[in-house]
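Here is a short briefing for a first look. Keep the sequence and the 3D view side by side as you read.

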Amino acid sequence: MFRHCLSKSVYAPPVRFAGGVSVKPQKLGDKTHIETVIVALGQYLNTGNTMLGAFCKANLKEPVALFSEKTRPVMHEYSKDLYMHLSFKDEEATGKGIFSGPPKGHYYKIDADVIKFEPENNKIYLQDKVYTYDHMILAGEYQFDWDKVKNMEKSIKDFWNSKITSTAQVHTAKMVWRSSLDFRGGNFVYSFPKSPYKNEGTNHIFMLFDQFAKDIKVEGQWYGSKFIVTSPDSFLHRIPWVNEKLEDLANKRGIEIRYNRQLEEIRYNNILDPHRVSDLVYKNLKTGEQEVINYGAAVVYPEAKIPDVVKQFCDESGHVAVDHHTLTHKKWSNVFSIGEISNIPTVSNCIAVCAQAKVVAGNITDIKKGQHAHYFYDGVTATPIFTGWHKLIMPGFRYGGEEVNTKLTTDTTTPFVSGIKQALSFTLFKRYEKKWFEKKFQGKIFGPPGWKKYVKPNLPAVEAVKH
């Protein structure tokens, strides 16, 4: 997933082959009824593309349609999708997502904005056409909410003056070098938004710290500065045992963590101004008072929001209301949802979406055959955390924070040995991540097929799906 974030030039987008063997979409013609539709929503195409690949793999002869928005505005030089089903983007060149289809399957691709849903009548309204369906999958991600923090969008577009980089910029590892090379005194600030947010769980805090520590070019400007991490929550990671590891790593490096700080405004100076250090304005959520932290460089996570078009499917939390195990909507039984837009109490990153997509694809297959759903999702996911340059831990967990073995290390305490394990885990993850996680997460963690028996929490045991 982050394979191409970890190599090549700082200033040039990675050269990458988009395709591999893939089937082209079928011509839809005048057809207005589609058995299964996947609606790709949110900031990128990742979740929708993953769902399409999983569905086509499980249902080779079943027609499916992928609805996706025509364009996606971006705030950075270039972008790419995660390493899922051979999709990537280069908006700088095209302004659109470049799509590469799954290796097999019978699918249609409709590039049009969804205007509204009418789930009681199984209808989807586009700008110039209405479609009906038997089953619908909402495969969605958060959108960046640029209005929550004053000057957020402006500062990201004006890096040379603001010295603000962001997780909205891909690939993020290159922003580590940019932050270090252009550091100009003051503090370095790593600012999180309130959980949940896009890219939650994955961070480059310690990679940035190590880069500053070894970069002799900025050593003089770093004198008297602090490395500060801020969060409006009372944690850096929502899973307690993972959060303890992060806090321990931060304490060992002398990184200052300030909780209950909500970023409200970015005030930056022109690079030519005599006073080159700028300010981040926070609200202390405990005292209600305003606090100002000066910075010479900062990494800022944008706030997140759910796409407005799916609000009718949402619960009081603002997320699509689904059963946490079958991923079926609580009101409309022929509607499913995966990804960050769902009210699933886990970190729904690309690793979680792998398992969620397989569950939904399998359950729709069961329903089409007149059977009960055999596939259940137990919240399994993992968050890659970069503990330094070419070092990584990969904590995995399911609902309730129960630890899952990802076969990559989570050791951060054993002297000398933990560093070797982290370096080895980084190498394995970088080289084998797609093959590794498809194998490890397919039918072995989230449930059948592959298990002799899987017990859904609070429900009777179900028999495994036979191969």
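Which residue in S24 is the bridge partner of Gly 396? The partner is Val 404. This is a predicted model. The points below start from that pair, then move to a helix, a buried lysine and the charged pairs.

**The three-strand sheet**
- Strands S20, S23 and S24 form an open sheet in the order S20-S23-S24, with antiparallel pairing.
- Strand S20 (381-382) and strand S24 (403-404) are the edge strands, and each pairs on one side only.
- Strand S23 covers residues 396-397 and pairs with S24 over two bridges, in the antiparallel sense.

**A parallel pair**
- Strand S8 (residues 130-140) pairs with S19 in the parallel sense, over five bridges.
- One of the bridges brings together Ile 137 and Phe 336 of S19.
- Strand S19 spans residues 335-339 and is mostly covered, with five of its five residues buried.
- Strands of a sheet pair through backbone hydrogen bonds, either parallel or antiparallel.

**Helix H8**
- Of the 19 residues of H8, 17 are buried, so the helix is largely enclosed by the rest of the structure.
- The length of H8 agrees with expectation: at 1.5 Å a residue it should span 27 Å, and its end C-alpha atoms are 27 Å apart.
- Ile 351 sits in H8 (residues 350-368) and is buried, at 2% relative accessibility.
- Pro 384 is 33 residues from Ile 351 along the chain, yet their C-alpha atoms are separated by 9.8 Å.
- Just after H8, Gly 370 takes a positive phi of about 80°.

**Cysteines**
- How many disulfides does a search of the whole structure find? It finds zero.
- Why does Cys 354 form no such bond? The closest cysteine sulfur, in Cys 350, is 6.6 Å from the sulfur of Cys 354, which is too far for a bond.
- Cys 354 is buried, at 11% relative accessibility.

**Lys 198**
- Lys 198 lies in the loop between strand S11 (188-191) and helix H6 (205-214).
- Is Lys 198 buried or exposed? At 5% relative accessibility, it counts as buried.
- Residues touched by Lys 198 include Gln 43, Tyr 44, Phe 144 and Tyr 301.
- The side chains of Lys 198 and Glu 340 make a polar contact at 3.2 Å.

**Salt bridges**
- The structure holds 18 salt bridges.
- Arg 238 and Glu 200 meet through their side chains in one of them, at 2.8 Å from N to O.
- Arg 238 is in the loop between strand S12 (227-231) and helix H7 (240-253), and Glu 200 is in the loop between S11 and H6, so this pair ties together parts 38 residues apart in sequence.
- Arg 238 is partly exposed at 26% relative accessibility, whereas Glu 200 is buried at 8%.
- Arg 398 and Asp 378 also form a salt bridge, at 2.8 Å from N to O.
- Arg 398 lies in the loop between S23 and S24 and Asp 378 in the loop between H8 and S20, so the pair ties together parts 20 residues apart in sequence.
- Arg 398 is buried, with a relative accessible area of 18%, and Asp 378 is buried too, at 7%.
- Asp 411 forms a salt bridge with Lys 421, with the closest N and O atoms 3.6 Å apart.
- Asp 411 is in the loop between S24 and helix H9 (417-441), and Lys 421 is in helix H9, ten residues apart.
- Asp 411 is buried at 12% relative accessibility, while Lys 421 is partly exposed at 37%.
- Glu 141, Lys 198 and Glu 340 are joined into one network by salt bridges that share partners.

Conventions:
Residues numbered from 1 in each chain as written. Predicted model: local features only at pLDDT ≥ 70, side-chain atom pairs only at ≥ 80, totals over all residues. Heavy atoms only, no water. Pairing = 2+ DSSP bridges. Helix = DSSP H or I, 4+ residues; strand = E, 2+ residues; numbered from the N terminus. Disulfide = S-S within 2.5 Å. Buried < 20%, exposed > 50% of the residue type's maximum accessible area, 1.4 Å probe, protein only. Polar contact = N/O pair within 3.5 Å; in protein donor to acceptor, adjacent residues only side chain to side chain. Contact = heavy atoms within 4.5 Å. Expected span 1.5 Å × (residues − 1). Salt bridge = Lys/Arg side-chain N within 4 Å of Asp/Glu carboxyl O. Lists of a residue's contacts leave out its neighbours within four places in sequence.
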